[in-house]
Amino acid sequence: MQQQQQHSFVYGGDYNPEQWPEAVWAEDVRLMREAHVNRVTVGVFSWSSLEPEEGRYDFGWLDRVMDLMHANGIGVVLATPTASPPPWFTFAHPEALPVTADGVRLVHGSRDTYSPAAPAYRDAARRIAGALAERYGRHPALTMWHVHNEYGTVSYGPETDRAFRVWLADRYGDVATLNNTWNSAFWSQSYSTFEHILAPQATQYLPNPAHLLDFKRFSADTLRDALREQVQVVRAASPGVPVTTNFMLPSWNHYDQWDFAAEIDEVSIDHYPSARDIEGETHVAFGADLARSFNQGRPWVLMEQATSLIYDYAAARLFAKEPGRLARNTLQYLARGSTGSLFFQWRSPRVGAEFFHSPMVPHVGEDSRVFREIVALGHTLTSLAEIAEPPAGGRRVNDTRVAIVWDATAWWASETRAMPSNDLAFLPAVRAVHRALWWQGINADVVSLEQDLSGYDLVLVPNKIAASDAEAAALRAFVDAGGHAAIWFFSGSTDENLNVRPGGFSGAFAPLAGIRVEEHHPLAADESIELSDGSRADAWAEDLQVTGAEVLATFTHAPLAGRPAITRNRVGAGTVHYLATRLDAAALGGHLARIVAAAGVTPDHPQAGDGVEIVRRYSGPRSYLFVFNHGERPRTVSLNGYDLLTDEHLSGDIELAPAASMVLRESALPASPPRP
Ligand code: GAL
């Protein structure tokens, strides 16, 4: 008889026993057991405790921690500590320290003080990863490798210059091709040899945007190579043990998430929403949808979140999460595919950077609201264990018929300066679209135009400044096959090397949209305009002619009064909308609702939206409906299923109090077929 596989959600956090006397470890284990903790992430930033001098290792403490965890049924996510070289590294390899764009060499004292392109750093990183892999690669407590922490260090300086030149030579072959692609002749910057090219450190006035973009690509590739080296090392020592590296989402753009995801077995993310109101809940959904998308629709790992405090970096304040919100947010992540929840961190240090960052065990100890909520959440996750099973039959963990294009090149391009407006930023544009969909109860993936789009009904393209011919062709093929698309202003105005496409802006997509964009009319920072349909907008306008599209709304302000602002082109069974301005939230919501409806996309539940979040997750052969009321007033929703949180069958119109959460096992799987 085949034994039934037991599934469970992962629950725990970053654990730094090396910062505590061993007497505290026993206390930790007692509290972990009380809280149903089954996973700890050990070793992140522990380099100086593991290799106190170059080449001299101290594994004694980690041996004891691994054994202790194993003896208590707690799995270990073992991190390579390479995000924080020890002080000896500064003295042994001064050339491998990071240099800022202003030419300042940084030294140890915090974390991430290394130049990722420097051979001495890469060697040291490979060595410590190899030593860990050799020692613990087959330890029974090991459940996952966690390479590095939040790759994202960018460095300039001589070591970087050398590697950048090699990268450029590889990309362009000869310097004439580079000069041509960058148009280096502008301001007399043509290079006679690759040897004269520097990473774009501080210069007198505007740098060349193509140079900046290639440097971002180079930096991203450098980090990917550093990741790849370590992945190879740990994989070789522990066949079958999954490898991850934690993505800092959504604001970290120092690498291409699609590239990184291809290097690892499981995508994991660190996620720290900063808003105190319902905007925080939209942010949770965004982070989770990104993670699931980067993991190709499969369950993904929430490597870090915070327990009681939300960082508001702008206000430099650590705000408390109100009671119950931690659990509700965690269930949101679960709804959208997380394999559980890990936190930064298990226990607050008594001093050290981030000593007031919220942990699972706060300074005040177990007699605290936070720890009581942690215990309750551990219990909840245990009771939901059946949902931890991966979906059967190749299904994705959530149904998503809408995809938003996520593209590192576009993001980098929008940050190169010298653009016609400061309001062309990539991430806020993507966020605005995702948020507007969330308010309508529509789940979305992010996608690259290089991926298979055939599983989607609607592809949205906000602020994708740079687009290659292949990407333009991919979107056309999607629409030709009956797909629907919406494209935002300025998208596709340049090719992948930031060279403007001649003959009309948005040139990569304009023929598909049935338009020609002749001139930009960016708006002033405090300017707001109204369109003929009453929509309000700001930031951007452009002089647009239709070459096949119909006009849905026009500008009403001079000199563009009467000119098209929103258009729709019918292409076979598909449609392509073009939005030539930045709509405010209400107008964006209204237009997206029509676009979504035209594409035939519906929410997971007809009453989802307007602050009621309802998401279906597939697990094993079953489906589960996660239901939340994030609003401030009670809402009535018609439901049918078994609520795993209260152990009761619910049927009919159910009132959801503000902040209510439900997790329903549905009676039958909904009919929609698995994705191709
Ligand atoms: C993460 C990081 C952790 C900790 C945390 C604080 O980005 O990986 O080490 O710094 O932020 O929010």
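The shell of residues around the ligand divides into 5 nonpolar, 2 polar and 5 charged. I begin there, and I should say at once that the model on the screen is a predicted one. I shall take the ligand site, then the open pockets and the enclosed cavities, then two buried polar side chains, and finally some backbone details.

The shell around the ligand holds 12 residues, and those that come nearest are Asn149, Glu150, Glu304, Glu354 and His357. Which of these side chains place a polar atom beside an oxygen atom of the ligand? Glu150 does so, with a polar side-chain atom 2.4 Å from an oxygen atom of the ligand. For Glu354, an N or O atom of the side chain is 2.6 Å from a ligand oxygen. Glu304 likewise has a polar side-chain atom 2.7 Å from an oxygen atom of the ligand. As for the enclosure of the ligand, it exposes 310 Å² when taken alone, and the protein buries 97% of that area.

I turn now to the open pockets. The largest pocket contains about 910 Å³ of space. Its lining comprises 35 residues, and Phe186, Leu206, Pro207, Asn208 and Pro209 are the ones nearest its centre. Two elements, α7 (175–182) and α8, give two or more residues each to that lining. Of the elements, α8 gives the most, with 3 residues. By class, the lining of the largest pocket has 20 nonpolar, 14 polar and 1 charged residues.

The second largest pocket holds about 660 Å³ of space. It is lined by 25 residues, and those nearest its centre are Gln19, Phe45, Ser84, Ser110 and Arg111. Helix α2, residues 47–50, supplies the largest share of this lining, namely 3 residues. The lining of the second largest pocket divides into 10 nonpolar, 11 polar and 4 charged residues.

Next, the enclosed spaces. How many cavities of 30 Å³ or more does a search of the whole structure find? The search finds 5. The largest cavity has a volume of about 60 Å³. Which element gives the most to the lining of that cavity? The answer is helix α8, residues 209–237, with 4 residues. Helix α8 thus appears for a second time, having also given the most to the lining of the largest pocket. Among the residues lining the largest cavity are Ser115, Pro116, Thr153, Val154, Phe215, Phe218 and Thr222. That lining divides into 5 nonpolar and 6 polar residues, with no charged residue.

My next topic is two polar side chains. Gln332 sits in helix α11, residues 325–335. Is Gln332 buried or exposed? Its relative accessibility is 0%, so Gln332 counts as buried. The side chain of Gln332 makes a polar contact of 2.7 Å with the side chain of Glu613.

The other is Asn629, found in strand β25, residues 622–629. Asn629 also counts as buried, because its relative accessibility is 0%. What lies beside its side chain? A polar atom of the Asn629 side chain is 2.9 Å from the backbone nitrogen of Gly631. A polar atom of that side chain is also 3.1 Å from the backbone oxygen of Leu656. For Asn629, then, these two contacts are made to backbone atoms, whereas the contact of Gln332 is with a side chain.

Finally, the backbone. Most residues other than glycine have a negative phi, and most peptide bonds are trans. Against that background, I draw your attention to four places.

A cis peptide bond, with omega about 0°, joins Phe344 and Gln345. Gln345 is placed in the loop between β11 (340–343) and α12 (369–383). A cis bond also joins Ala558 and Pro559, again with omega about 0°. Pro559 belongs to the loop between β20 (550–554) and β21 (564–571).

The remaining two places concern phi. Ala539 has a positive phi, near 70°, and is found in the loop between β18 (536–538) and β19 (542–546). Asp647 has a positive phi as well, near 55°, and is found in the loop between β26 (635–643) and β27 (648–656). What is the relative accessibility of Ala539? The value is 2%, and being under 20%, Ala539 counts as buried. Asp647, by contrast, is exposed, because its relative accessible area is 55%.

Terms used:
Residues are numbered from 1 along each chain as its sequence is written. This is a predicted model: local features need pLDDT of at least 70, side-chain atom pairs count only at pLDDT 80 or more; totals for chains, interfaces and linings use all residues. Side-chain values use heavy atoms; hydrogens and water are left out. A residue is near a molecule or strand if one of its heavy atoms lies within 4 Å of it. A polar contact is a pair of N or O atoms within 3.5 Å; within protein, one must be able to donate a hydrogen and the other to accept it, and residues adjacent in sequence count only if both atoms are side-chain atoms. Accessible areas come from the Shrake-Rupley method with a 1.4 Å probe; for residues, only the protein chains shown count as cover. Ala, Val, Leu, Ile, Met, Phe, Trp, Tyr, Cys and Pro count as nonpolar, Asp, Glu, Lys and Arg as charged, and the others, Gly among them, as polar. On a 1 Å grid over the protein atoms alone, a cavity is a set of points where a 1.4 Å probe fits but cannot get out, and a pocket is an open set with protein on both sides within 12 Å along at least five of seven lines; lining residues have an atom within 4 Å of a point. Grid points are joined across faces, edges and corners, and a volume is the space filled by probe spheres set on the points. Buried means under 20% relative accessible area, exposed over 50%, partly exposed in between (1.4 Å probe, protein chains only).
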